[in-house]
Amino acid sequence: MKTTYLTLTIGPVVETLLTARRTREMWAASYLFSYIIRETISTACDANVELDGTAPILLGNVLLPVLQTDATNEYTYGAGLYPDRIFLKATDPANDAKRLNAAVDKVLETIGEKAKRTYSFKYKQGVAEKTGSQSVSEAEFKKYLHDYLRINILQNELEDGENIVAAITPYLDASEQYARLLPSEKPDSRNPLMLFFDNANASFLKADGFKENKNRGFESLMEIATKGLERLDAERYKAVVGLEDDEEQFIAQAKSEFSAEFRAYHKYVAIVHADGDNVGKVVAKVAKDPTQLKEFSQRLRDFALEATRKVHEYGGSPVYAGGDDMLFIAPVACGGQTIFSLLKEIDESFMEILVEFAKEVKAHEELDDSGNQVPNETLLPSLSHGVSISFYKYPLFEARNASFGQMEAIKHDGEKNGIGVKFLKHSGHAINFVLHKHRKDTYLAFLKLLEAHQPDDSDFLNSFTYKLENQRVLLSAAASNKGMLSDFFQNNFNEVWDQYKPFFQGLIPFIEALYKDSTAVEKEFRDNDPKHQNWTQLLYATLRFIHFLKSKDNDDDQ
């Protein structure tokens with residue numbers, strides 16, 4: 001037998017995100033797409049909504065994504081949870097296709113009306129432009145929205161048991177290649193959609209995304225970077241609230257209020273992309289069965305809800321968490337934790353929710369030489385992360401691209417399941433390093449070292465790292481002989497050994513694990529190639545990061 005499936009794709013997602021100059025614009029651009037997908041499903045399946053005389057689509061027939069109907073579980077700290085595609089099984093193809101198209105039109109019409117009520121379409125442009133205000137009519141905005149968005153609905157008939165996702169995805173990918181032609185814009189203006197995003201924190205999107213925190217919308221870079229100070233003393237932090245559009249004044253006031261606590265990292269933010277590895281193997285296993293595919297969709301949503309909660313609790317701001325990929329902005333450090341602590345917690349949720357499901361459906365099994373199905377742990381899903389840590393004045397789109405580039409490099413280096421980091425200093429100096437999470441001894445020793453008690457003396461950390469770099473040969477020799485590292489540090493740093501003994505005792509296991517993994521891998525170091533990272537590169541990058549965490553505001557570029 002054959003079954004008819006309808007699919008919808010919306011864009012241009014990436015191109016829209018790349019236009020963002022501020023965090024609120026990036027969030028609004030992402031959230032709008034998620035909002036349209038959610039409202040389209042809800043509208044098409046609502047029996048109380050009349051759409052061109054069509055019957056409602058059965059909610060149970062929507063395979064991807066799962067629509068959350070329990071309002072108590074809907075709050076996502078502003079994150080958009082709906083990916084850019086809908087997969088549904090059509091009971092009545094002609095009716096369902098007509099209703100899906102009508103639902104899209106109604107949702108876009110409603111968006112125009114809500115935006116009109118929110119703004120009356122009078123926008124103040126960004127400080128950099130200084131061209132006064134613009135007025136955009138409701139009709140102009142609606143027309144631009146229809147012209148700009150690339151929404152395609154496809155119909156495919158598949159044999160029962162055929163891989164639904166694999167069979168249809170190529171058609172969706174092809175449909176996304178056709179770009180819309182938009183009228184050219186005046187040099188002194190921004191298009192209506194970008195103006196809408198600029199005012200996102202006064203829009204209906206904010207009310208929808210931040211249901212339990214309507215007093216504040218998506219936070220600015222400086223608000224995110226200094227989240228630890230707010231949690232340290234909310235009363236003192238009130239002095240900087242409202243200054244986020246004047247970053248220099250914000251920093252000056254924050255340093256005045258928190259003179260003893262302010263650190264260099266309070267002027268930096270981490271932008272993180274995360275994407276699942278080997279998830280396609282799970283999809284291939286379940287996509288032949290609509291019931292299993294829907295269950296997998298629910299697991300993806302469960303993970304997104306849990307991950308966004310953890311980002312929020314750490315102090316970050318989730319942008320989206322659609323399916324197995326995420327984008328969020330977070331403090332470099334907050335409440336005694338670092339960004340790497342957060343990534344570990346997200347990985348744990350991924351393991352509990354998605355990896356366990358993969359095991360349940362045996363997605364990691366393969367044929368052995370005898371033709372038997374046997375489990376292969378390397379085929380289980382994992383998460384790859386790309387992290388950019390950048391100064392607050394660094395262009396947002398470049399920091400975002402750096403994060404995405406680090407993630408892509410990890411996913412295509414043959415090992416996956418890693419964290420690629422690009423640390424962009426205010427001086428222009430960049431530090432790149434890679435953490436391969438499957439090399440557990442090194443990864444866990446790295447996390448333990450960051451969490452351990454470290455010297456507060458940034459001058460010591462700077463001079464220590466510099467001196468250690470000049471002793472690479474001796475250090476390698478000591479690392480190659482078990483038990484000699486303690487003697488190495490006592491002999492070469494005898495004047496501070498007793499003072500910083502806990503630090504050295506935490507550093508030694510990290511170096512031992514690094515050297516052991518390096519020897520086992522036996523890969524030659526090549527610059528800018530994450531597959532060939534020399535063990536000392538990660539060591540010195542780690543020490544520089546620890547130094548950065550301890551640095552006062554005036555010595556972070558040493």
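The legends below describe close-up views of one predicted model.

Local features are given where pLDDT is at least 70, side-chain atom pairs count only at pLDDT 80 or more, and totals for chains, interfaces and linings use all residues. Residues are numbered from 1 along each chain as its sequence is written, and side-chain values use heavy atoms, with hydrogens and water left out.

**View 1. An open sheet of 6 strands with mixed pairing.** The strand order is β8-β9-β7-β14-β15-β16. Strands are DSSP runs of E with at least two residues, helices are runs of H or I with at least four residues, and both are numbered from the N terminus. Two strands count as paired if DSSP finds at least two bridges between them. At the edges are β8 (317–322) and β16 (430–436), each of which pairs on one side only. From one strand to the next, the twist averages 10 degrees. Strands of a sheet pair through backbone hydrogen bonds, either parallel or antiparallel.

**View 2. The β7 and β14 pairing, with helix α22 across the sheet.** Strand β7 (residues 268–277) and strand β14 (residues 382–391) run antiparallel and are joined by 10 bridges. V269 has S390 in β14 as its bridge partner. Helix α22 (residues 535–550) lies across β7, β14, β15 (418–424) and β16. The direction of helix α22 makes an angle of about 115 degrees with β16. Axes are lines fitted to C-alpha atoms, for helices over the stretch in contact, and angles run from 0 to 180 degrees between N-to-C directions.

**View 3. The largest nonpolar core and the surroundings of L539.** This core has 174 residues. A nonpolar core is a set of buried Ala, Val, Leu, Ile, Met, Phe, Trp, Tyr and Cys residues joined through side-chain atoms within 4.5 Å. The residues with the most contacts inside the core are F340, F489 and L539. Helix α2 (residues 23–45) gives the most to this core, contributing 13 residues. Outside its neighbours within four places in sequence, L539 is in contact (heavy atoms within 4.5 Å) with L468, L475, L507, F510, I511 and L514.

**View 4. Cysteines C45 and C334.** Both residues are buried, C45 with a relative accessible area of 18% and C334 with one of 5%. Buried means under 20% relative accessible area, exposed over 50%, and partly exposed in between, with a 1.4 Å probe and protein chains only. A disulfide is a pair of cysteine sulfur atoms within 2.5 Å, and by this rule the count is 0.

**View 5. Two cis peptide bonds that lead into prolines.** The bond from G11 to P12 is cis, with omega near 0 degrees. P12 sits in the loop between β1 (2–11) and α1 (13–17). L64 and P65 are also joined by a cis peptide bond, with omega about -10 degrees. The loop that holds P65 is between β2 (62–64) and β3 (85–89).

**View 6. Positive phi at D52 and K362.** Most residues other than glycine have a negative phi, and most peptide bonds are trans. D52 is not a glycine, yet its phi is about 55 degrees. This residue is in the loop between α2 and β2 and counts as exposed, at 52% relative accessibility. K362 has a phi near 60 degrees. K362 belongs to the loop between α14 (339–360) and β12 (365–367) and is partly exposed, at 46% relative accessibility.

**View 7. Aromatic pairs at helix α4.** The whole structure has 37 aromatic pairs. Rings of Phe, Tyr and Trp (its six-membered ring) pair if their centres lie within 6.5 Å; planes under 30 degrees apart count as stacked, over 60 as edge-to-face and the rest as tilted. F141 and F196 form a tilted pair, 5.6 Å centre to centre with 55 degrees between the planes. F141 lies in helix α4 (residues 138–148) and F196 in helix α6 (residues 192–198), so the pair ties together parts that are 55 residues apart in sequence. F141 is buried at a relative accessible area of 1%, and F196 is buried at 1%. Y144 and Y148 form a stacked pair, 6.0 Å centre to centre with 15 degrees between the planes. These two tyrosines are 4 residues apart in helix α4, so about one helical turn separates them. Y144 is buried at 10% and Y148 at 11%.

**View 8. A cluster of aromatic rings linked by ring pairs.** Its members are Y268, F340, F391, Y392, F423, F433, F446, F510, F545 and F548. F340 is also among the residues with the most contacts inside the largest nonpolar core, and F510 is one of the contacts of L539.
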